[in-house]
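User: Hello! I am new to reading structures and would like a guided tour. Could you take me through it step by step?

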Amino acid sequence: MRLVDALRASREALNDIQGQLDALLSAVRSPAGRPETGAADRLRRATKRAGAAMNRLAEV
């Protein structure tokens, strides 16, 4: 994998985590005060993808 591809993948993965965290924060601040079902699983998957992307970046 080229460096530019590894950097792009890691940036996209980290942006995904940020989006998931923003959604959770918004849900907690909402009147219902609860994230939707599956939010934790989506964050967990995003975190795994980011970890894999960072590992690929370290290999370049």
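User: Let me start with one residue: is Asp5 buried, partly exposed or exposed?

Analyst: The general idea is to ask what share of a residue's area can be reached: buried means under 20% relative accessible area, exposed means over 50%, and partly exposed lies in between, using a 1.4 Å probe and protein chains only. Here Asp5 counts as partly exposed because its relative accessibility is 30%.

User: Before we go on, what should I know about the model itself?

Analyst: This is a predicted model, where local features need pLDDT of at least 70, side-chain atom pairs count only at pLDDT 80 or more, and totals for chains, interfaces and linings use all residues. Residues are numbered from 1 along each chain as its sequence is written, and side-chain values use heavy atoms, with hydrogens and water left out.

User: Which helices and strands are there, and how are they defined?

Analyst: Helices (H or I, at least four residues) and strands (E, at least two) are DSSP runs, numbered from the N terminus. This protein has two helices and zero strands. Helix H1 covers residues 3-29, which is 27 residues. From its first C-alpha to its last, H1 reaches 39 Å, close to the expected 39 Å. That expectation is 1.5 Å times one less than the number of residues in the helix.

User: Can you give me a feel for distance along H1?

Analyst: Happily! Take Asp22, which is placed in helix H1. Asp22 and Val4 are 18 residues apart in sequence, and their C-alpha atoms are 27 Å apart in space. Asp22 counts as partly exposed because its relative accessibility is 44%.

User: What are the overall dimensions of the protein?

Analyst: The C-alpha trace spans about 45 × 15 × 10 Å along its principal axes. Another guide is the radius of gyration, taken over C-alpha atoms; the globule rule is 2.2 Å times the number of residues to the power 0.38. A compact globule of 60 residues would come near 10 Å, but this protein has 14 Å.

User: Which residues of H1 are buried, and what covers them?

Analyst: The buried residues in H1 are Ala6, Ala9, Ser10, Ala13, Ile17, Gln20 and Ala27. Their cover includes helix H2 (39-59). In the protein as a whole, buried residues make up 20% of the 60 residues.

User: Which residues does Gln20 contact, and what counts as a contact?

Analyst: Contact means heavy atoms within 4.5 Å. Leaving aside neighbours within four places in sequence, Gln20 is in contact with Ala39, Arg42, Leu43 and Ala46. Gln20 counts as buried because its relative accessibility is 17%. For the protein, residues 24 or more positions apart account for 70% of the contacts with a separation of 6 or more.

User: How should I read a salt bridge?

Analyst: Side chains of opposite charge can pair when their charged atoms come close. The rule used is a side-chain nitrogen of Lys or Arg within 4 Å of a carboxyl oxygen of Asp or Glu. By this rule there are five salt bridges. One of them joins Asp16 and Arg49, at 2.3 Å from N to O. Asp16 lies in helix H1 and Arg49 in helix H2, so the pair ties together parts that are 33 residues apart in sequence. Salt bridges that share partners also join Arg2, Asp5 and Arg8 into one network.

User: So Asp5 is back! Which distances belong to its salt bridges with Arg2 and Arg8?

Analyst: With Arg2, the N to O distance is 3.8 Å; with Arg8, the closest N and O atoms are 3.3 Å apart. Asp5 and Arg8 are separated by about one helical turn because they are three residues apart in helix H1. Arg2 is exposed, with a relative accessible area of 55%, while Arg8 is partly exposed at 36%.

User: Last one: where is Val60, and which residue 54 places away in the chain does it approach in space?

Analyst: Val60 is found in the segment after H2. The C-alpha atoms of Val60 and Ala6, 54 residues apart along the chain, are separated by 7.6 Å. Val60 is partly exposed, because its relative accessible area is 47%.
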